[in-house]
Amino acid sequence: MKNAVLLFSLFVLFSCSSNQNELSAILDIEEVLSETEELRLNKLIKEHERKTTNEIAIITTPNWGDYDNSLDFAVNSGNKLGVGKANKDNGVVIIFSKTLKETRITTGYGTERVLKDELVKQFIDSLMLPHFRKDEFYEGILAGTQAVITHLELPGNEIQ
């Protein structure tokens, strides 16, 4: 039940935005981002979606709810929120927990053909973690998001 309440809350938060015409791609449950930072990230993600149809969600959370780990939390949250187009499975979910000191980038089946686990690990280790170690949460999330977007927008990396 606790898990259902958490996912319903995620859905409600994901559906809300300061711009009523556009859904937000950011769920800052842990409240590590300012409103301006959320708006900047959302704009970056929505521009990428307009170019490619790929969908990216960023979720910050202090815990995994009823899930045992970040992978289960990310996959289930992405599925419940409908991140990625059904016919392409081109979603990416970026999870960050300051409290648990963990971050993860999870891809849909279509996206994982282009954005391999080894590359995602490299983005996290070399671009995100150095910022997180200095409590620069926005900068770390931005660096990882930009790396994902840059890679997905390279010629030949279109999700079929």
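**Sheet and helix packing in the predicted model**

Of the 160 residues of the chain, 48% count as buried in this structure, which is a predicted model. The chain contains six helices and four strands, and these elements follow one another along the sequence in the pattern α-β-α-β-α-β-β-α-α-α. Among the contacts in the chain with a separation of 6 or more, 60% are accounted for by residues that lie 24 or more positions apart.

The four strands form an open sheet with the order β1-β2-β3-β4, in which the pairing is mixed. Strands β1 (26-28) and β4 (102-107) occupy the edges, and each has a single partner strand, so one side of each is left without a neighbour in the sheet. On average, and with direction ignored, neighbouring strands of this sheet are turned by 10° against each other. Helix α3 (residues 70-81) packs on the sheet, where it touches β1, β2, β3 (91-97) and β4, and the direction of α3 makes about 45° with that of β4.

Within the sheet, β1 pairs with strand β2 (residues 55-60) in the parallel sense, over three bridges. In this pairing, L27 has I59 in β2 as its bridge partner, while I26 stands opposite I58 in β2. Strand β2 is itself mostly covered, six of its six residues being buried. The side chains of β2 are divided between two directions, with E55, A57 and I59 pointing one way and I56, I58 and T60 pointing the other way, and all of these residues are buried. I59, the bridge partner of L27, thus belongs to the group that includes E55 and A57, whereas I58, which stands opposite I26, points the other way together with I56 and T60.

The loops on either side of α2 were examined next. In the loop between β1 and α2 (35-52), which contains S34, E31 is also placed. E31 has a positive phi of about 55° although it is not a glycine, and with a relative accessible area of 67% the residue is exposed. S34, by contrast, counts as partly exposed, because its relative accessibility of 32% falls between the limits of 20% for buried and 50% for exposed residues. The loop between α2 and β2 holds T53, another residue other than glycine with a positive phi, here near 75°; T53 is partly exposed, with a relative accessible area of 30%.

The position of S34 also relates this part of the chain to the region of α6, since S34 and Y138 are 104 residues apart in sequence and yet 8.5 Å apart in space, C-alpha to C-alpha. Y138 is among the residues of α6 that take part in the contact with α2. The axes of α2 and α6 come within 11 Å and cross at roughly 5°, and the two helices are therefore roughly parallel to each other. From α2, the residues E37, R40, L41, L44, I45 and H48 meet Y138, I141, L142, T145, Q146, I149 and L152 in α6. By character, the residues of this contact divide into eight nonpolar, three polar and two charged.

Helix α6 (residues 137-152) also packs with helix α5 (residues 117-132), at an angle of about 155° and with the axes 7 Å apart. Because angles over 145 degrees count as roughly antiparallel, α5 and α6 are roughly antiparallel to each other. In this arrangement α5 passes α6 in a right-handed crossing. The contact is formed by L119, F123, L127, M128, H131 and F132 in α5, which meet F137, E139, G140, I141, A143, G144, A147, V148 and H151 in α6. The residues of the contact of α5 with α6 divide into 10 nonpolar, four polar and one charged.

Taken together, α6 runs roughly parallel to α2 and roughly antiparallel to α5. I141 of α6 appears in the contact with α2 and in the contact with α5.

Terms used: Residues numbered from 1 in each chain as written. Predicted model: local features only at pLDDT ≥ 70, side-chain atom pairs only at ≥ 80, totals over all residues. Heavy atoms only, no water. Axes fitted to C-alpha atoms, helices over the stretch in contact; angles between N-to-C directions. Parallel < 35°, antiparallel > 145°, perpendicular 65-115°, else oblique. Left-handed = near helix turned anticlockwise from the far one by under 90°. Contact = heavy atoms within 4.5 Å. Nonpolar A, V, L, I, M, F, W, Y, C, P; charged D, E, K, R; others polar. Pairing = 2+ DSSP bridges. Buried < 20%, exposed > 50% of the residue type's maximum accessible area, 1.4 Å probe, protein only.
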